[in-house]
Amino acid sequence: MINYLLLCLAATLFGFQVFATSAYANADGGGLRSVARFTAMSSFVSTLCCFAVNGFKLEFTIGSFALALCGAAVLILGQLCSIKALTGINMSVYSTFLAIGGMILPFVVGVTLFGETLTLGRLACCVIVTVVTLLQCKPGAIGKMTVFLSLAVFVLNGMNGVLATTHQHTDFPKTSGNSYNLLLYAAICVVSVAYLLITPSKGSSFKPKTAVPALAYGVLNGLGNLILLKTIVKVPASVQYPIITGGIMVVSTIISAVRREKLKPFDIIGTAIAFGALFLMMI
């Protein structure tokens, strides 16, 4: 029972992580330097969290480092799309794209490349949540650019999971999962800081108030992943995915309602349908 409570806590942390991204987007817009500042601050805190959890040690292999660099590029692009998307979409719809992409794409890769079991329930879940996600992109619901950005978030967050799955399932000289995360966040931090140093500011200056959501994101992300590392050996992945994915969607919808964002009936119904379908992953 304690592991399931910990997973619910992790899902809540990840849900508030979406809120932190939204708060930053509203405070500093979605320019390249704005995103670079966000990723630099948040990844620095996440790096410290992973380093502490790893006993202040770092494992290193070329293979893990190469995958971490690919993951860093994917996550930076994902944050760029996320921050831009959240200026034109509510958190409820955004979290659906984010969470479902992070579940479906790694699952498809796991089935097709790594021999994971495909059941009728899991297939039904994939179909239902895909339909719900596409319906939220119907013409007139949100702008064309926001549709593009939301679909990009879907794919990029999923690709992050694909890279992590590849790292854990492929047989090559590699680090532990936590050291992989440490390399990943460190690479994001270095790339982001380098971009800020070599590009002109062009009037885009740092706003101290934006540090709060960026640093909060780093803490929430670090703590959430720490919990997942502790529970992954005791709770099957087919159970973890629905809890984490569904939790993100529910928490984000609740926060949207509290913030009085414009929630259309289908936003709520679609989120509820997708949340319910996730439990088919356990069949």
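**Exercise 1. In which helix is the place of S150, and is S150 buried or exposed?**

Before you start, keep in mind that this is a predicted model.

Step 1: Find S150 along the chain. Its place is in helix α6, which covers residues 144-169.

Step 2: Check the accessibility. S150 has 1% relative accessibility, and buried means under 20%. So S150 counts as buried.

Step 3: Look at C81 too. S150 and C81 are 69 residues apart along the chain, yet their C-alpha atoms are separated by 7.4 Å.

**Exercise 2. Work out where I227 lies and whether I227 is buried or exposed.**

Step 1: Go to helix α8, residues 211-231; that's where you'll find I227.

Step 2: Use the cut-off again: under 20% means buried. I227 has a relative accessible area of 11%, so I227 is buried.

Step 3: Now pick out G102. Between the C-alpha atoms of I227 and G102 there are 17 Å, and along the chain these two residues are 125 apart.

**Exercise 3. Describe how α2 and α3 cross, then do the α1 and α4 pair.**

Step 1: Take α2 and α3. Their axes come within 10 Å, with a crossing angle of roughly 120°. That angle makes α2 oblique to α3.

Step 2: Add the handedness. For α2 and α3, the crossing is right-handed.

Step 3: Turn to α1 (residues 2-28) and α4, whose axes come within 11 Å and cross at roughly 120°. These two helices are therefore oblique to each other.

Step 4: Handedness once more: α1 and α4 make a right-handed crossing.

**Exercise 4. What is phi of F56 near, and is F56 buried or exposed?**

Step 1: Locate F56 in the loop between α2 (32-53) and α3 (62-85).

Step 2: Read the backbone angle. Phi of F56 is near 55°, which is a positive value, and F56 isn't a glycine. For context, most residues other than glycine have a negative phi.

Step 3: Check the accessibility. Exposed means over 50%, so F56, at 58% relative accessibility, counts as exposed.

**Exercise 5. Which residues form a nonpolar patch on the surface?**

Step 1: List the members: L118, L120, L123, V127, V131 and L135. Together they have about 560 Å² of accessible area.

Step 2: Zoom in on L118, which sits in the loop between α4 (91-113) and α5 (120-135).

Step 3: Classify L118. Partly exposed falls between the under 20% and over 50% cut-offs, so L118, at 48% relative accessibility, counts as partly exposed.

Conventions: Residues numbered from 1 in each chain as written. Predicted model: local features only at pLDDT ≥ 70, side-chain atom pairs only at ≥ 80, totals over all residues. Heavy atoms only, no water. Patch = residues over 30% accessible without salt bridge, like charges linked within 9 Å, V, L, I, M, F, W, Y side chains within 5 Å. Areas by Shrake-Rupley, 256 points an atom, 1.4 Å probe, with all protein chains shown as cover. Salt bridge = Lys/Arg side-chain N within 4 Å of Asp/Glu carboxyl O. Helix = DSSP H or I, 4+ residues; strand = E, 2+ residues; numbered from the N terminus. Buried < 20%, exposed > 50% of the residue type's maximum accessible area, 1.4 Å probe, protein only. Axes fitted to C-alpha atoms, helices over the stretch in contact; angles between N-to-C directions. Parallel < 35°, antiparallel > 145°, perpendicular 65-115°, else oblique. Left-handed = near helix turned anticlockwise from the far one by under 90°.
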